[in-house]
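I opened this notebook to keep track of what I looked up, one topic per entry.

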Amino acid sequence: MRSFDDARAFERPKAPPWRLGGGLDAVLAEWAKDAALQRCFVLDEELPGRPADTRPLPADLHPSVRRAVEARGFTELYSHQARSFELAQAKQSFVIATPTASGKSLCYNLPVLDCFARDPEARALYLFPTKALSRDQEEALRAFMKDAGLSHGAITFDGDTPGDARRAAREKSGVVITNPDMLHTGILPHHAGWARLFASLRYVVVDELHTYRGVFGSHLANVLRRLERVARFHGSSPTFVFASATIGNPREHASRMLGREVALVDRSGAPSGSRRVMVYNPPVVNPELGIRASYLKSAVRLTADLVRRNVPTILFGQSRNSVEVMLKYLRDRLAEDKIDPSAMMAYRGGYLPQQRRDIEARLRAGEIRCVVATNALELGIDIGSLDAVVCAGYPGSVASLWQRFGRAGRRQGQSLALMVASSAPLDQYLAADPKYLTSAPAEEARIDPDNVEILVQHLKCAAFELPFEEGEGFRDVPPPATVDALEFLAKHEVLHPVPGASGRRVFHWSSDAYPANNISLRSVGWDNVVIIELGTHKTLAEMDWRSAHTMLHEQAIYQHDAAQYQVERFDYENHKAYVRKVEPDYWTDAMTYTRVDVIEEDDGRAPGQDGLGFAFGSGEVSVVEKVVGYKKIKFHTHENVGYGEVTLPEIQMHTTAFWLTVPEATVQAQPAPRPAVIEALRGISSALHTVACVGLMIDPRDLGRTLGSRNGEDGVPRKAPGEGAMFDPTIFLYDHIPGGVGLAPRLFEQREELLRRARRLIEGCGCDDGCPACMGPAVSAVPGQGTAMAGLRRRPLALELLTSLGVTPLQ
């Protein structure tokens with residue numbers, strides 16, 4: 001008896017020709033014999049596999065769909081797939097939240113195709129966060145529909161879709177596969193041209209729900225409000241199906257996204273093989289400074305062992321640069337083994353669509369031994385069967401880590417899930433308590449669809465699509481709140497109210513502008529920068545606007561497929577970067593300066609009010625980021641071999657923050673020079689950031705931090721006492737997502753506990769001077785203060801400073 005996984009399960013490739021021997025067991029045996037290596041494994045745990053929990057194919061499944069499934073030898077469904085079919089048949093919206101590779105796609109494909117078999121006019125809309133995932137699902141769905149004898153068709157509608165295919169999507173396609181941005185700007189504003197879709201819309205599928213959080217998720221919730229409004233106008237009321245990787249609050253998140261309660265399916269019936277979970281903490285190479293061996297080189301060395309033994313492996317990096325560096329190191333290391341460099345490929349954002357699809361196809365065919373990837377491969381793209389996952393660094397959340405680990409060990413047999421810890425404080429915090437990774441609950445996803453700025457933007461779009469009648473709500477936004485917002489827009493002459501036939505006012509769009517085009521769902525400019533090679537005029541890749549500031553400034557080394565290109569010119573206005581191929585012995589790493597200015601304080605406490613010497617606050621802030629220069633980092637040794645300047649405009653973001661201000665009198669009362677106190681405060685801010693991320697269960701990239709002035713003065717003080725005006729140094733922890741998603745108020749509420757946890761982290765470290773694990777890396781002494789800083793240690797000074805501010809240890 002076989003159970004159905006997904007539409008590709010019946011096209012499993014033959015074993016690749018290079019899998020001739022060795023295997024995972026041989027690698028693990030070699031590692032077990034290496035005593036030095038074993039000392040660095042801080043976690044080595046085997047998670048048992050689980051058998052399948054299956055159900056018979058539903059009795060009411062349409063015969064043509066049943067035949068398509070049974071023709072492949074599948075006579076059962078996994079329990080979560082059967083439960084999903086029951087809910088869909090009852091027209092109950094639901095969220096499916098099961099691990100990677102559990103066959104989630106069938107949870108929505110099966111009821112959709114059953115519906116199509118019964119109703120030739122039925123339509124469905126699939127939303128995926130990326131183009132690559134849309135194309136992958138399109139191919140699988142088409143094959144399934146063809147075998148079921150259905151003529152509905154499936155077409156991806158995105159920016160790459162040619163004109164004739166766009167017409168076919170509007171007029172004939174049974175399933176329109178798109179992304180939230182295209183739905184927002186290309187479909188909803190033109191819904192009259194999509195009347196066939198909306199009039200017969202039976203299902204809306206939102207896959208990879210866990211990726212829709214923060215501002216992007218808040219925007220999507222409003223796009224779904226508009227979608228339901230347009231569907232209702234055309235006479236349909238679709239069932240919504242959400243699919244998510246494991247997160248801490250799938251039902252709450254999907255219900256918030258839809259504006260009403262949804263059912264939850266979270267018990268997976270899919271089988272899994274045993275998984276060996278290991279955490280490798282590189283050895284300390286400088287005990288005085290607490291510096292460890294490079295985690296990138298350590299990850300490459302361990303991955304090379306796997307590749308030599310023909311273990312299909314994926315190596316995850318944290319950034320584009322780290323992926324390209326590791327690919328180069330891996331190819332260099334395995335060149336002496338005469339392994340074809342093309343058997344090791346990178347996969348990341350920025351690669352052109354055709355290049356990504358070629359890599360995906362080669363992965364499925366088993367032609368690639370190892371893929372080095374960013375989080376672009378966390379999502380459900382089908383890349384075949386892998387036996388090992390190596391994560392170079394903690395990806396920021398338990399949910400993301402297990403999403404990556406789930407890429408290996410599809411059904412039977414042992415798989416390896418290995419994390420190599422970096423020197424970052426959060427990585428070292430987890431290396432000290434690695435059991436957290438296998439026992440902690442997954443993080444929660446948070447959105448705020450009623451954020452006023454976001455809501456008003458989508459009310460404008462909704463009014464453009466269909467006029468609002470007074471008394472009409474905006475899905476779960478009550479009519480009184482909706483009319484208040486509409487009147488606000490009318491006062492600004494964006495909408496024009498006129499008397500309606502029922503005596504109620506009707507609000508019409510009154511501007512010549514097209515609102516959706518000026519509203520980005522991701523709250524950053526979504527015009528990518530195109531990377532062009534000089535001489536050949538070949539387009540190499542593309543990059544998002546924000547990342548271009550740090551990676552495509554002039555004289556930057558841009559890395560692509562383990563080759564290096566120098567940026568000769570960055571055409572800022574036209575979003576083009578011109579590069580020339582070079583062979584340097586270094587890569588570049590941008591240096592960014594961050595300033596936070598308080599715009600409005602929502603809550604605050606004066607020094608002493610809580611029994612603590614800090615002044616606390618939270619509220620709206622402006623975060624200004626500017627790339628001011630770059631470092632040249634030598635390959636293999638990672639030495640800093642030079643600097644360069646960068647002259648690019650600032651990037652500004654409005655968000656929310658929590659801040660702690662140390663009064664100037666407290667700073668001057670310390671038995672150490674001011675620069676040393678500032679350095680200790682930097683270390684405290686690092687510890688606060690670490691414990692805040694763990695305590696709130698958030699991705700550390702979602703929480704920014706900096707040390708600056710509460711009153712907006714520029715920079716960290718550089719004058720000694722008596723040499724001019726000082727300011728009260730302030731630690732800012734700010735929401736790194738524009739507009740914020742509510743982290744600042746939660747930090748403000750937990751401020752006392754956070755400070756005590758930060759103190760415990762610093763106190764409990766075994767270092768003498770404050771190392772990267774507890775206080776982050778030390779910043780160089782302030783110019784001119786070298787003598788004053790000599791002999792002072794950060795850790796004792798930080799603890800003394802916390803004591804003077806009333807922060808006592810946790811009992």
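Entry on the aromatic cluster. I began with the aromatic rings of this predicted model, where I found that Phe-614, Phe-616, Phe-658 and Phe-748 form one aromatic cluster. I then took the count of aromatic pairs, which comes to 19. One of these that I looked at is formed by Trp-31 and Phe-41, with a centre-to-centre distance of 5.8 Å and 35 degrees between the planes, so that by the rule placing anything from 30 to 60 degrees in this class the pair is tilted. I noted that Trp-31 belongs to helix 1 (residues 24–33) while Phe-41 belongs to strand 2 (residues 41–47), and therefore the pair ties together parts that are 10 residues apart in sequence. Both Trp-31 and Phe-41 are buried.

Entry on strand 26. I asked myself whether strand 26 is mostly covered or mostly open. Seven of the nine residues of strand 26 (residues 563–571) are buried, and I therefore wrote the strand down as mostly covered, taking buried as under 20% relative accessible area. On one side I followed its pairing with strand 25 (residues 557–560), which is antiparallel and runs over four bridges, with His-560 standing opposite Ala-563. These two strands form a hairpin with two residues between them, and in the turn I found Asp-561 with a positive phi of about 55 degrees. Strand 26 is also joined to strand 27 (residues 576–582), again antiparallel, by seven bridges, and here Asp-571 has Lys-576 as its bridge partner. The hairpin of strand 26 and strand 27 has four residues between the strands, and in it His-575 takes a positive phi near 60 degrees.

Entry on Ser-415. I located Ser-415 in strand 19 (residues 415–420). Its relative accessible area is 2%, which is under the 20% cut-off, so I recorded Ser-415 as buried. Leaving aside residues up to four places away in sequence, I listed as its contacts Leu-24, Ser-274, Arg-275, Arg-276, Asp-387, Ala-408 and Gly-409.

Entry on cavities. How many cavities of 30 Å³ or more are there? I counted four of them, and the largest holds about 60 Å³ of space. The lining of this largest cavity includes Tyr-394, Leu-426, Glu-443, Cys-693 and Met-697, and I noted that helix 16 (425–432) and helix 22 (674–696) each supply at least two of the lining residues. When I sorted the lining of the largest cavity by residue class, I obtained eight nonpolar residues, two polar and one charged.

Notes. Residues are numbered from 1 along each chain as its sequence is written. This is a predicted model: local features need pLDDT of at least 70, side-chain atom pairs count only at pLDDT 80 or more; totals for chains, interfaces and linings use all residues. Side-chain values use heavy atoms; hydrogens and water are left out. Buried means under 20% relative accessible area, exposed over 50%, partly exposed in between (1.4 Å probe, protein chains only). Two strands pair if DSSP finds at least two bridges between them. Contact means heavy atoms within 4.5 Å. On a 1 Å grid over the protein atoms alone, a cavity is a set of points where a 1.4 Å probe fits but cannot get out, and a pocket is an open set with protein on both sides within 12 Å along at least five of seven lines; lining residues have an atom within 4 Å of a point. Grid points are joined across faces, edges and corners, and a volume is the space filled by probe spheres set on the points. Ala, Val, Leu, Ile, Met, Phe, Trp, Tyr, Cys and Pro count as nonpolar, Asp, Glu, Lys and Arg as charged, and the others, Gly among them, as polar. Rings of Phe, Tyr and Trp (its six-membered ring) pair if their centres lie within 6.5 Å; planes under 30 degrees apart count as stacked, over 60 as edge-to-face and the rest as tilted.
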